[in-house]
Every structure is written in structure tokens, then in C-alpha cells.
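User: Hi! I keep meeting words like "buried" and "pair" in structure notes, and I'd like to know what stands behind them. Can we go through this one together?
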Amino acid sequence: MIRRGKEKIQLRYSAPKGIHDILPPDISIWQKTEATAKELFQKYGYQEIRTPIIEHTDIFIRSIGENTDIVEKEMYTFSDRAGRSITLRPEGTASVVRAFIEHNLQNFTSPQKFYYTGPMFRYERPQKGRFRQFYQIGVEAFGERHPTMDAEIITMLCSFMKAIGLEGINFELNSIGCEKCRPDYKNALLLFFKDKLDNFCPDCQRRYSLNPLRILDCKVERCIALRHGSPLIPEHLCDDCSNHFEELKERLRILQMPYTLNPELVRGLDYYTKTTFEATSNHLGSQKAVAAGGRYDKLVEEFGGPATPAIGFAIGMERLITLLMEKTNLLSPVPDCFIATIGKEAELKGLLLAEQLREKGYHVEIHYGGASLKSQLRRADRMDSRFVLIIGDDELRSGKIKWKNLKNKEQGEIEIEDISSILKNNLERY
RNA sequence: GUGGGCGUAGUUCAAUGGUCAGAGCACUGGACUGUGGCUCCAGUUGUUGGGGGUUCGAAUCCCCUCGCCCACCCCA
């Protein structure tokens, strides 16, 4: 609130709808998650790629698909000053594919494996686990069609979940075929639903003509019952897709990677082929997917690049962190030492001492002036500092500094040059 | 885009249409002059989201609007 003359004007700014700040102490769990991903993905040979958060709008229309909800109604699109249509990225794959083609990365040793992290933007109505700006950690691998690639990437996702300590995650697996076998399956589905269509929910009736695979996804009980016995994708795969799927499952078995086959697992983006998978949890409200991905063997080619098979996944950071919060108690970093001072001369001495201790690697907080020793110690205590140094007139006179261990109340005096040893000694015990 | 729930202090929440809208926590200070946590005391923070209406009187009832949450659609 600001006051202007007698008039009070209330200015209560808030971030735009569905867009959130990430504050300490929450930020530490984000940092830990990102660091864990980075470290683990590098072990599998994935390197970071940084693509822009805006692209020409066409990039997304062509990759995600013209008739998807994302493109039809969820993109943040605007014209730049030269009148070009620009869009804030709603997902990460399109940009990576564009970069792959633009820089001719197929000329490097295959497969090319990337990971990235950053914000995505979708204009949706926010709810639990869904935001207008949300963060993903994504992974893409180009140039390898062998199912061993699929197995590696799925296993990597699983070990990531383990590495950050998430349990109770379900891995669902399916194959949705390729451009050869999917049309056949679609026809089989249409045939099966044809005479029952009137009994389905309005949404499913709409899906029938728009995207019949989505009927498999419907949560309405009546529809679940009606689709009982419907043809399943795995039964309609062509030999190539079927072999691929079998080989993948064999490798997952060898790797002792637990998964559930879900023949009704359908993905919302147009570009997927063959393998699709999802990591789900029951603690996320109605958005249960915490990570999802699949193969997209045709996308690079459709984009005007060389025929290049590819596979990837994306982790929804907010959803992941929602789950992590249930188990983790958040702690902000705690100072090793607080330097309390009385008087200007001591304050200056403390300022210098703090710098010297930080150079030695300690996390040091100081007193900025103006408060009683009591309130300084209270501040040190509330920050959960483990150790306090006190500098006042007595200490300036004697050249010794008082120290106190706030955890066990031990205290004493020490020569200034011995501080780091007593600090080390006290910190080691906690 | 559709539907439901909720908006009161920094925060968590009270207040049946009826005095000046309160309490816990938090924060600041003091009791304790240079020693934290515990205790006690004191202090600060509100156009009750905003606007309009009904009424002698509205945080409370009605309408509009904005925001948040949840669900649908769809997705990470």
C-alpha cells in the first residue's frame, strides 16, 4: 500500500493467474532435484541443451499437432515488432528438434542425447498440479531406433525417481504403433464403438470423430463399462512395432525395471509412435502423471530434417515436488557462525573477520548494527546458527574473542588467529 | 471455455444482521545495562478482496466484479 497525500491507494500486486514464485525454503528442494537429475543423466551420457523459451509459432503447430488442445487454445502467442508470430514454448521437445535440425547434429556420433530444464507455458485454468507457467526436466535422444534405447531412457527415469527418494511411483507402458498400424487399429476401434456410440458421454461422442483413441482415456464409469472388450492397441501392432515392444519388455525385465502394461495409455501429442510411457502417482489429485514420454520416430523428418528416430520424456517439476514435499521437511541452509558485535569498532572488526572465515569456506552471518547483544543472539538462534562469536569493548582490549556454541551452551575465549580451529572443532560435533 | 467451494491482521482462524472486528502464531521491544531458546509484559499490522444494493444498522443478506482453490476438458 502506498500513501499519496491524504489519499490511500491500495496497490496489491500479484503474479498473473497460474504463475507462481518459488521461494526459499522451497527452492532448496528444486535445486536438489535439478542437481540430482543433472548428475544422474550425465552418467547415461546425456548433455544439457539450452534452447530459447520462445520459438516461431509454426514450430509448435507442426510438432504438437494442429488439432491438439495445446495448439488450439493453450498457447501464449504474440506478434513481435516485425509482425512475426512468436509463441512461449508449451513444451520442450519441439525446440530441441528444431535445434537438432538447425545445427545438423545428425552429423555427430549417434545417438545424440540431451536433457534440459526450464519453464513451459500453457494458458489453462489452473488446478492442483497444473499451472500456466510450469517447469519441466526433459530428456531427448536422437538417432537410435533400437529398443535398447527405449529401455535405457525408461530405466533412467526410474533411477532418477529412486535417486531423489520417491516411492510409490507406477510406471505404465504401452505401444501405440506407427503410421502403418495405427490406422488399422483406429478403424477397429471405430467399428467396435459404432453401434454403442449413443450411450457414451458427450465428450466421448465428440472424441469418436476427433480422436477415437482418447475414448480409452475417459473416466466416466459408463464409458469404462461400455469400452470393456474393445480392441487393444498391442493386438493390432504391425510386426515391426510388435517386435520392438517385445524386445523392450525383455530388456526391462533384465533390468528388473517394474512396470505395468496399460493398453489404454494414450498420449495427447500427435507426434508419438511406438513406445509410450508414464510415471504416475495417486497423490496428485486428478493429474496423476508426474512424468511422461515416448518415441517420436517421424517428427524430425516431418520437420524437414533427415529421417531420425527419437525418444524422450518430460518430468513435471511441480508435480514431482508436490510428492517430495510429503516426505521431506524443508530446511534452509543454516549458518555455521554468527558474529555479534557491540560498537562501531567491533562491528568493523567483525565485518572483516566474517570475510576471512567465508574465504575459509564457512557460512557466516553478521550483525548489521543497531541492536542489543540480546537481540543479536536471538537472531543467531532463530537462524539456527550453531556458533556465535562476540566482539565488544572487552574483546577489543584483550585481543581475545568470546565464542559460544549455541547447541550445547559451551563458551570461552580465544585468540583471533585460532578461531577457525575452534569453529571447526565445534561444528564437527554437530 | 464449463461447474463447485472459499476470500477477515504477515499467517492460521474467530465474530447468530446489533457497542470500537478479535485471538493464537509470527514480528519488534522490555523484564535481563554484554549472552539465545523457556516464561511473563507491552507494541505494530485491517477501507473484512473491490464495487453497488437491501436495512435504523452489513464481515454476515442480495447482485456484479476480481482473486485463490478444486473438478471437468486436456495435460507434465
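Analyst: Sure! Let's start with two strands: β11 and β12 pair in the antiparallel sense over 6 bridges. One warning: this is a predicted model, where local features need pLDDT of at least 70 and side-chain atom pairs count only at pLDDT 80 or more, while totals for chains, interfaces and linings use all residues. Residues are numbered from 1 along each chain as its sequence is written, chains are lettered from A and ligands numbered from 1 in the order in which they are written, and side-chain values use heavy atoms, leaving out hydrogens and water.

User: What makes β11 and β12 a pair?

Analyst: Two strands (DSSP runs of E, at least two residues, numbered from the N terminus) pair if DSSP finds at least two bridges between them. β11 and β12 have 6, so they pass that test. As an example, T273 stands opposite R295 in β12.

User: Which strand do 5 bridges join to β12?

Analyst: That's β13 (residues 310-316), and it runs antiparallel to β12. Here A291 has I315 as its bridge partner. β13 is also joined to β8 by 7 bridges, again antiparallel, with G138 opposite A314. G138 of β8 also stands opposite Y116, and β7 (residues 112-121) pairs with β8 over 10 bridges.

User: Why is β12 called largely enclosed?

Analyst: Buried means under 20% relative accessible area, exposed over 50%, and partly exposed in between (1.4 Å probe, protein chains only). 7 of the 7 residues of β12 are buried, so the rest of the structure largely encloses β12. Strand β8 (residues 133-142) is mostly covered too, with 9 of its 10 residues buried.

User: How do you know that α9 has close to the expected span?

Analyst: A helix is a DSSP run of H or I, at least four residues, and its expected span is 1.5 Å times one less than its number of residues. α9 (residues 239-254) has 16 residues, and its first and last C-alpha are 22 Å apart, close to the expected 22 Å.

User: What puts the buried residues on the same side of α9?

Analyst: The buried ones are C241, H244, F245, L248, K249 and L252. They cover an arc of only 130 degrees around the axis (taken from the directions from the helix axis to the C-beta atoms), which puts them on the same side of α9. The face turned away from that side carries the exposed D239, R253 and I254.
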